[in-house]
Structure formats: structure tokens, C-alpha cells
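Visitor: I would like to go through this model by asking, for each label, what value stands behind it.
Guide: Then let us set each value against its cut-off and see what follows.

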Amino acid sequence: MTSAPLLIELRTEELPPKSLLKLSTSFAQSVHQGLVAQHLAPAQAAVQIFATPRRLAMLIEDVAGVQPERLVERKGPSRKAGQTADGTATPALQGFARSCGVTVDALELRRDDKGLEYYVHHSLHRGIPLGEVLPALLDQALRQLPVAKVMRWGSGDSEFVRPVHGLMVLHGDQLISLNLFGLSSTRQTLGHRFLGAGLLTLDHAASYATLLEREGKVIASFAERRQRIQQALNALALPHHVLAGPELLDEVTALVEWPTVLEGRFDPAFLEIPQECLILSMQQHQKYFPLGNTQNQLQPRFLLVSNLETATPGAIIQGNERVLRARLADARFFYQQDRKTPLSERRAHLDQVVYHQRLGSLGARVERLSQLAERMASALHLSGTQARRAAQLLKADLSTDMVGEFPELQGFMGRDYARHDQETEEVALAIEAHYRPRFAGDDLPTTPLGTVMALADKLETLVGIYGIGQIPTGDRDPYGLRRATLGILRLLMDKAPALELPALLAWTEATFPQGVLDSTALNSLPTFIQDRLRGLLRDQGFDQALVEAVVSPLPARLDRLPAHLQALASFRTCPEAIGLSAAHKRIRNLLKKSGSTQSVPPAPLREPAELDLQEKLQALQPRMDTFLRQADFSSALSALAELHAPVDRFFTDLMVMCEDPGLRAARLALLQDLESLMNQVGDLSCLSS
């Protein structure tokens with residue numbers, strides 16, 4: 001059999017829409033990789049992925065009907081292990097020959113690159129037909145699918161994410177007969193449940209997508225279906241635009257086989273409700289696409305994607321408008337009821353809600369947030385009263401009906417209800433902002449008070465949960481501590497509050513009752529933060545050497561980190577940088593090997609090289625202090641470059657680890673002062689790597 005396209009289709013009951021694309025991609029890639037491993041398809045073969053609500057399919061080009069014959073070399077024992085001194089075959093060599101099905105005389109000797117001789121056996125493996133390879137290959141690919149739960153159906157033992165009702169495997173125009181899930185492969189498939197022409201018989205694998213679209217009213221390609229929906233949405237939305245992200249488009253694409261985009265409307269009176277509520281209700285419950293104007297203000301129009309094509313879509317539109325009207329009426333009722341109780345009165349409800357068994361109630365957590373926020377606000381010369389007020393109201397909206405129905409609206413509803421309660425605008429904005437950034441790339445708070453609230457919320461989560469031993473391991477991070485840490489780092493770096501990280505951690509720990517947190521666990525928290533900082537800086541495009549130079553040790557003022565990085569990047573291009581960074585590494589190694597020298601009184605320095613270095617170091621210290629106080633790190637590094645010549649002379653003329661213990665202690669003390677100075681901007685020893 002010559003090479004031809006291979007089509008594999010599984011027809012199922014409705015597949016989970018949020019994982020359809022991942023399932024189809026994984027299935028096709030696994031099968032293709034298996035064919036490549038079995039020498040049945042080239043690695044560069046084109047792979048078309050098909051995925052609809054009721055099918056997973058793929059079309060792989062240039063698949064051979066039979067594996068090519070292959071000369072296989074099997075390596076055996078070395079000549080030394082295979083022969084005795086008189087040339088007799090050892091049991092090891094005899095066993096190897098038997099396992100190959102030949103005599104010892106049929107084996108060959110081969111010499112490797114190191115000159116070692118070993119026995120080999122060559123055999124010609126016949127090619128196995130595609131039909132004999134596919135059952136095991138498909139079984140393996142299906143087992144590797146990212147499926148959290150599987151189902152059983154009927155009286156058999158078959159398991160899959162959804163019941164499977166059809167199997168088609170075609171190689172070119174040839175049907176490959178095999179059994180899977182208790183089904184025998186056929187040439188037949190089904191099109192659209194209502195619009196299709198019933199059973200469709202396929203003559204050739206390559207005509208799959210065309211036949212399904214023409215006769216079955218199914219656009220089999222997920223990518224093509226998504227593109228058509230996107231184009232129709234954009235066209236019908238005019239003069240407005242769609243207020244929805246790609247996640248909703250992917251989900252809707254996974255719900256339809258023959259998409260038709262229609263327009264619906266709702267009563268403009270519903271726009272009195274915060275638009276976040278309306279948008280979430282449309283997207284989450286109904287899978288509708290809300291529309292906004294150029295200012296992103298919600299309009300009383302929406303688009304829906306129907307899986308039916310009809311000349312009279314009015315009934316479909318009216319039915320969807322009626323369902324949405326009921327949803328929005330519920331949202332309006334929740335909204336009106338919630339506003340009858342001020343947030344300040346809801347604060348007491350949080351005392352009855354458990355935050356964590358070992359950390360107390362949500363009310364206790366709010367008190368910790370209040371203490372921490374007030375302390376940070378004071379350090380930043382903000383209003384402590386405003387900070388405490390905002391912290392007291394941060395979590396109050398968790399007891400509202402609207403957030404109970406739509407948990408994603410926490411913070412947004414708190415902001416709106418705070419405005420209704422005539423709280424200050426700073427407090428209202430801070431309530432919404434304290435959740436930011438909610439995800440990677442999310443916007444940061446826009447006000448100083450919002451930044452304080454966001455920091456307090458994430459610091460309390462991180463220190464509290466980490467401090468009771470709930471440390472993330474592998475992929476497990478149920479409390480989102482990695483996300484909270486990245487949020488803290490972004491807030492400190494990008495919003496530039498003049499707060500020191502060690503102080504923030506200490507202030508946060510102090511808000512918890514004595515004995516609640518495990519000090520042993522908290523001792524490893526700086527390392528955990530350090531690792532997140534490394535990843536964040538690498539993702540921002542900084543190379544490994546610069547990242548290590550500023551991260552190790554963990555800096556106190558993260559708001560100055562961008563300036564540190566910029567100064568080090570410029571300094572690395574200076575002629576003195578290589579020599580100074582190498583000297584720093586040498587100094588660190590000497591200090592590490594020397595251990596403590598406190599028990600030996602240092603002797604007076606007397607050699608010109610060491611006296612010169614001491615003098616330069618003492619003269620440089622006040623200038624360095626000034627530069628660092630002004631955050632002028634480029635000037636600080638330029639000043640350090642002046643030490644290149646005296647440091648080089650010091651190591652050329654002198655032996656640090658000399659026999660005189662007093663002199664050795666004095667020189668090590670000098671190097672200790674030098675290293676301390678060189679570490680002020682970054683670990684220069686990292687720049688030599």
C-alpha cells in the first residue's frame with residue numbers, strides 16, 4: 001500500500017465544550033507522534049484537526065500503508081565480557097545469541113568511538129501493516145488525553161469522556177477494519193442532528209470535511225468554524241463592538257456545528273444595573289455576546305450564535321430575548337435588595353463565615369487587613385482612617401445576593417454598593433482594586449489606597465496560608481499563593497510604593513495571634529518569593545545573569561529593582577566589569593572558605609597594595625552612600641569601577657591566606673568590607689557567568 005491520507009473519527013455524545021479544543025489537539029498530536037515513531041508518517045506531515053460537539057477527528061497526510069523494512073542493530077556484551085581467555089564464548093554471550101535466535105558465530109564485532117569492541121546482531125524487520133499498528137497506537141493516544149473524569153455506557157467496560165457511538169478509519173479510499181469501544185469501523189458518519197442528510201458514506205478520507213459541510217451541514221474544523229463566527233459577530237455588531245474575550249468565542253465554537261449569528265435586544269431599563277452584572281449574566285448563563293460603544297459602555301443589544309439555520313429566525317431570537325429578560329430581572333432584583341443593606345452593616349455577617357479552620361473567620365481576617373492596611377498607609381503618608389475604613393468594607397460584598405449568584409463580581413459590587421452608601425470615591429475604588437491583579441497581565445490598581453488594599457489582601461493570604469504549612473507543591477496550589485506572590489511583586493515593582501519587603505512580611509505576621517503561624521514554615525517564605533521573582537523577571541526578558549545579580553539576595557526595595565537592572569545592564573558593557581565581577585567571585589569564595597576570623601585579632605595592614613585598597617575603599621564609602629540614597633545606581637557602579645585597579649593589584653601582589661593569622665584576619669576583614677560595598681547594587685559575581 002502506498003502513502004495516503006489517514007482519517008480517524010470518533011462520533012460521541014456532546015463533548016464538554018471548554019475542553020473540546022484541548023481534547024482534539026491532544027488526540028491528533030498523539031496519533032501523529034505514534035505514527036512517526038512507528039515509521040508510518042513523516043514528522044512534517046500535515047495534520048488537520050476536526051472537532052465539533054459530537055466528534056473528534058483528524059486527517060493526517062502521507063501515511064504509509066505498511067512500515068518500511070528496517071535493519072535493526074542490537075547491541076550485546078563487550079568482547080571482554082563475551083569471551084574467556086582461550087576465546088570460548090561466555091554464558092553472557094551465549095545468552096545474547098539465544099535471545100537473538102542465532103548462534104554465536106552469526107554475531108558481529110563492532111568497535112565504538114572509544115575503541116571498545118562489543119558484539120552486535122543485525123536483523124531485517126519486516127514492515128507491519130498500518131491496520132495492525134493502529135489499535136495499540138489509538139489505545140495509547142486515548143489514554144493520554146487530558147480527561148479529568150471518564151464515563152461508562154451500555155453493558156460494556158469501555159470508558160471515555162462521553163459515550164462513543166461511531167468509529168470511522170479510512171486510509172485513502174481503503175477502510176481499515178478495527179474495533180474500538182466495542183464498535184467496528186465503518187465508512188459512515190452523521191452530519192447535523194437536524195439539518196444533515198442522515199448517514200453519510202465516505203469514499204475517500206480526503207473528502208471528509210467537504211462532504212460533511214455540503215451534505216451534513218457541519219463545519220468540521222474548529223479553527224474554520226471559529227473564524228466564521230468571529231467574522232459574523234464583527235459584521236453584525238456594527239456600529240458597536242463585542243465586549244467578550246476569546247474564551248467565550250472558543251466555548252461557543254465548541255457548542256455548534258453550523259453556526260448562525262443573530263441579533264437580540266433587551267430593555268434599556270436594565271442598564272441601571274452595573275454593566276459587569278449584565279455582561280456576566282449574558283456570557284456565563286446564556287453564552288451571548290454583549291455589545292459596547294466606543295467608550296465600552298454596554299448597549300441594549302446582544303448577539304447569539306444559533307446551531308440552526310432558518311429563513312425565519314424570529315422565533316429563535318424572541319425565545320432568547322425572553323430567557324435573557326428573566327435572567328436580567330433576577331439580577332435587578334438581587335441588586336435592588338442588596339442596596340437596602342449598607343456594606344457597613346454587612347460587616348458583622350463575616351464573623352459567622354469561616355475563612356480557614358486554623359485562621360478563623362472572615363471577620364477576623366478583615367481585622368488583620370485593617371491593621372496591616374493602616375500601618376502601610378501610615379508608612380506611605382496616606383490617610384490611616386481611609387485605609388481602615390476601606391479594609392473594614394473590603395469583603396462585605398461577599399454576603400450580598402449578587403455576589404452569591406455571581407462570585408466573579410466580588411469587588412465590583414462592593415465598589416458600586418460603596419458608592420450607593422456614599423462612601424468616599426477613594427474607598428469605593430479601593431474595594432474593587434484590592435483583588436487586582438486577578439490574573440497574569442491584569443491591570444493594577446490606579447490609586448495609592450487601592451495599591452495598599454491589594455498589597456494587604458495578598459500579603460495576608462500569603463503569610464497566613466504559607467505560615468500554617470499549606471505550601472504549594474508541584475502543580476498543586478489550592479490557595480493561589482503563587483498568583484498572590486506575583487501580584488505582590490508586580491505591585492511593589494510597578495506601582496513603586498516605598499515599602500521594604502522584609503518589613504511588610506514582618507508587619508503581616510504580627511497581625512496574626514501568637515502561635516498560629518509556624519516560624520519554621522515562614523523561614524522558607526523569602527526563598528519562595530525569590531523563586532517567583534526570578535520567573536517574573538525572566539518572563540519580562542531579562543537574561544539569567546542580570547536576574548541572579550539582583551535577586552540573590554532578595555532585595556528589600558522592589559520599587560528600585562528596574563533601576564538596578566538598568567544600571568547593571570549598562571555596567572556590564574564597561575571594560576572594568578569583567579575583572580571586577582571575577583574579583584567579586586574570588587572574594588566570595590575566599591570568605592566562604594575562611595570561615596570565622598573573629599577569634600584572631602587582625603594585625604595592622606602594612607603592604608602598599610593592601611593599604612592602597614583600604615584607602616580607596618574608605619574614600620569611596622561616603623560617595624557610595626550618597627549615590628545609593630539618591631537611587632543613582634549607575635553612578636554607584638561607575639564609582640565601584642574605580643576599585644578595579646587597586647583590587648587587581650591587591651590579588652597580584654599579596655596572598656590573602658598567608659601564614660600570619662593576624663595579617664590573614666586583617667586582609668579577610670578588608671575583603672569583607674569590599675564585598676559588602678560591591679553588593680549594594682547587585683551581586684557583581686553573577687555578571688562573570
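Visitor: Which residue does the side chain of Glu215 meet in a salt bridge?
Guide: In this predicted model, the partner of Glu215 is Arg214, and the N to O distance between their side chains is 3.2 Å. The cut-off for a salt bridge is 4 Å between such a nitrogen and a carboxyl oxygen, and 3.2 Å meets that condition.

Visitor: Why is Glu215 called partly exposed?
Guide: Glu215 has a relative accessibility of 33%, and because the class in question runs between 20% and 50%, that value places Glu215 in the partly exposed group.

Visitor: What makes Asp612 and Arg649 a salt bridge?
Guide: The closest N and O atoms of Asp612 and Arg649 are 4.0 Å apart, and the rule admits pairs within 4 Å, so the pair is counted as a salt bridge. The pair links distant parts of the chain, with Asp612 in helix H24 and Arg649 in helix H26, 37 residues apart.

Visitor: How do you know whether Asp612 is buried or exposed?
Guide: The relative accessible area of Asp612 is 18%, and since buried means under 20%, Asp612 is classed as buried. Its partner Arg649, at 36% relative accessibility, counts as partly exposed.

Visitor: Which residues are joined into one network by salt bridges that share partners?
Guide: That network consists of Arg347, Asp351, Glu367, Glu374 and Arg388. In the structure as a whole, the count by this rule comes to 43 salt bridges.

Visitor: What does the salt bridge of Arg55 and Glu257 link?
Guide: The side chains of Arg55 and Glu257 meet at 3.4 Å, N to O, and the pair links distant parts of the chain, with Arg55 in strand E3 and Glu257 in the loop between helix H7 and strand E16, 202 residues apart. Both Arg55 and Glu257 are buried.

Visitor: Why is the aromatic pair of Tyr288 and Phe302 called stacked?
Guide: There are 8 aromatic pairs in the structure. For Tyr288 and Phe302 the ring centres are 4.7 Å apart and the planes stand at 20 degrees; because pairing requires centres within 6.5 Å and stacking requires planes under 30 degrees apart, the pair satisfies both conditions and is called stacked.

Visitor: What parts does that pair tie together?
Guide: Tyr288 lies in the loop between helix H8 and strand E17, whereas Phe302 lies in strand E18, so the pair ties together parts that are 14 residues apart in sequence. Tyr288 has a relative accessible area of 2% and is buried, and Phe302, at 0%, counts as buried too.

Visitor: What makes Lys75 a charge over the ring of Tyr118?
Guide: Lys75 lies over the face of Tyr118 at 4.4 Å from the ring centre, and the distance part of the rule asks for within 6 Å. Likewise, Arg532 lies over the face of Phe528, at 4.6 Å from the ring centre.

Visitor: Why are E15 and E16 said to stand at the edges of their sheet?
Guide: The open sheet has 4 strands in the order E15-E17-E18-E16, with antiparallel pairing. Strands E15 and E16 each have a single partner strand, so one side of each is left without a neighbour in the sheet.

Visitor: How do you know that E15 and E17 are paired?
Guide: E15 and E17 run antiparallel and are joined by 2 bridges, while at least two are needed for strands to pair. The bridge partner of Val242 in E17 is Leu291.

Visitor: What makes H17 mostly covered?
Guide: Of the 14 residues of H17, 10 are buried, among them Leu481, Ala484, Ile488 and Met493. The elements that cover the buried residues of H17 include helices H16, H18, H20 and H22. From its first C-alpha to its last, H17 reaches 20 Å, close to the 20 Å expected at 1.5 Å a residue.

Visitor: Why is Ala456 called buried?
Guide: Ala456, whose place is in helix H16, has a relative accessible area of 0%, and because the buried class lies under 20%, Ala456 belongs to that class. Not counting residues up to four places away in sequence, Ala456 touches Leu369, Leu372, Ala373 and Met376.

Key
Residues numbered from 1 in each chain as written. Predicted model: local features only at pLDDT ≥ 70, side-chain atom pairs only at ≥ 80, totals over all residues. Heavy atoms only, no water. Expected span 1.5 Å × (residues − 1). Buried < 20%, exposed > 50% of the residue type's maximum accessible area, 1.4 Å probe, protein only. Contact = heavy atoms within 4.5 Å. Phe/Tyr/Trp six-rings, centres within 6.5 Å; stacked < 30°, edge-to-face > 60°. Lys NZ or Arg CZ within 6 Å of the ring centre and 35° of its normal.
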